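Please load the structure in a viewer and follow the selections below in order.

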Amino acid sequence: MGSNEKDSVIGVEANEGVEEQQGLESNEIEKSKVGIMRALVEREDPSSKEVDDFMIRRFLRARDQDIEKASNLFLKYLSWRKAFMPNGSISESEIPRELTHNKLFMQGVDKKGRPIVVVYGGRHKHTKLEEFKRFVVYTLEKICARMPAGQEKFLSIADLEGWGYVNSDVRGYLAALTILQDCYPERLGKLFIVHAPYLFMTAWKMVYPFIDDKTKKKIIFVENKKLNSTLLGDIDESQLPDAYSGKLPLVPIQDC
């Protein structure tokens, strides 16, 4: 090996060593911030002692490691949860109309081990906003409960085939977005929007300004001709729902 090649190899190894060291230091800083944030929120709301460090960390990451902002968001979440779910969960008897739409399913995991959630936007019908909010929370609670050990995020496919004005529900979309971003931060790993009709972009333009920057980076509109190849980039064929030429049948969220 020539001197230039040796220098090149040494340079690469040195860079890798620096990156690894930076990663370790970053983890230690975050771990320290989690401890500080836990002390702050436990002082304000003793019930926060019941949550694990992973939840504290998700709120911290959602606010770019800003302890004050993350603590405020977390305490607001705890108050919301007590008021919205006084019994600790949402029962199916509280969302009867939403369940009849048969619009949300789970099946399989992607290549990172994230559960796959499929939503059919063309089956959404207007119901009372409060029931729709309860359905969103019921769904997110189900998804989180089915997370494999060590996993915190899920991948979603929003299928808009057949979507029209009758399905347009900007108020509902904004409510769901608020719940996802403020109460279940850092849970969405990736969102593929497929079969989106041109009409949908009218509603999308109204919702888009309310999506935070972190979430925007996770949303991908997929062209019909690239649908299969795009999904297979993240999901193995053995785990891909049969609705997209995969092997697994979709399971309604209430049966998960």
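Select strands β3 and β4 (residues 188-194) in this predicted model: the two pair in the parallel sense, over 6 bridges. Within that pairing, D159 stands opposite V194 of β4. Adding α6 to the selection shows a right-handed β-α-β unit formed by β3, α6 and β4.

Next, keep β3 and display its side chains. F154, S156 and A158 point one way from the strand, whereas L155, I157 and D159 point the other way, and all are buried. Because 6 of the 6 residues of β3 are buried, the strand is largely enclosed by the rest of the structure.

Now add β2, which runs parallel to β3 and is joined to it by 5 bridges. One residue to pick here is V118, whose bridge partner in β3 is I157. From β2 the chain passes through α5 to β3, and this β-α-β crossover is right-handed.

Turn then to α5 itself, residues 129-145. This helix of 17 residues reaches 24 Å from its first C-alpha to its last, close to the 24 Å expected at 1.5 Å a residue. Its buried residues include F132, F135, V136, L140 and I143. Among the elements that cover the buried residues of α5 are α3 (67-84), β1 (104-109), β3 (154-159) and α6 (170-183).

Finally, select I219, which lies in strand β5 (residues 219-222). Is I219 buried or exposed? I219 has a relative accessible area of 16%, under the 20% cut-off, and is therefore buried. Leaving aside neighbours within four places in sequence, I219 is in contact with L191, I193, W204 and I211. The C-alpha atoms of I219 and F192 are separated by 6.1 Å, although the two residues are 27 residues apart along the chain.

How values were computed
Residues are numbered from 1 along each chain as its sequence is written. This is a predicted model: local features need pLDDT of at least 70, side-chain atom pairs count only at pLDDT 80 or more; totals for chains, interfaces and linings use all residues. Side-chain values use heavy atoms; hydrogens and water are left out. Helices (H or I, at least four residues) and strands (E, at least two) are DSSP runs, numbered from the N terminus. The expected span of a helix is 1.5 Å times one less than its number of residues. Buried means under 20% relative accessible area, exposed over 50%, partly exposed in between (1.4 Å probe, protein chains only). Contact means heavy atoms within 4.5 Å. Two strands pair if DSSP finds at least two bridges between them. A crossover is right-handed if, with the strands pointing away from the viewer, the path from the first strand over the helix to the second runs clockwise.
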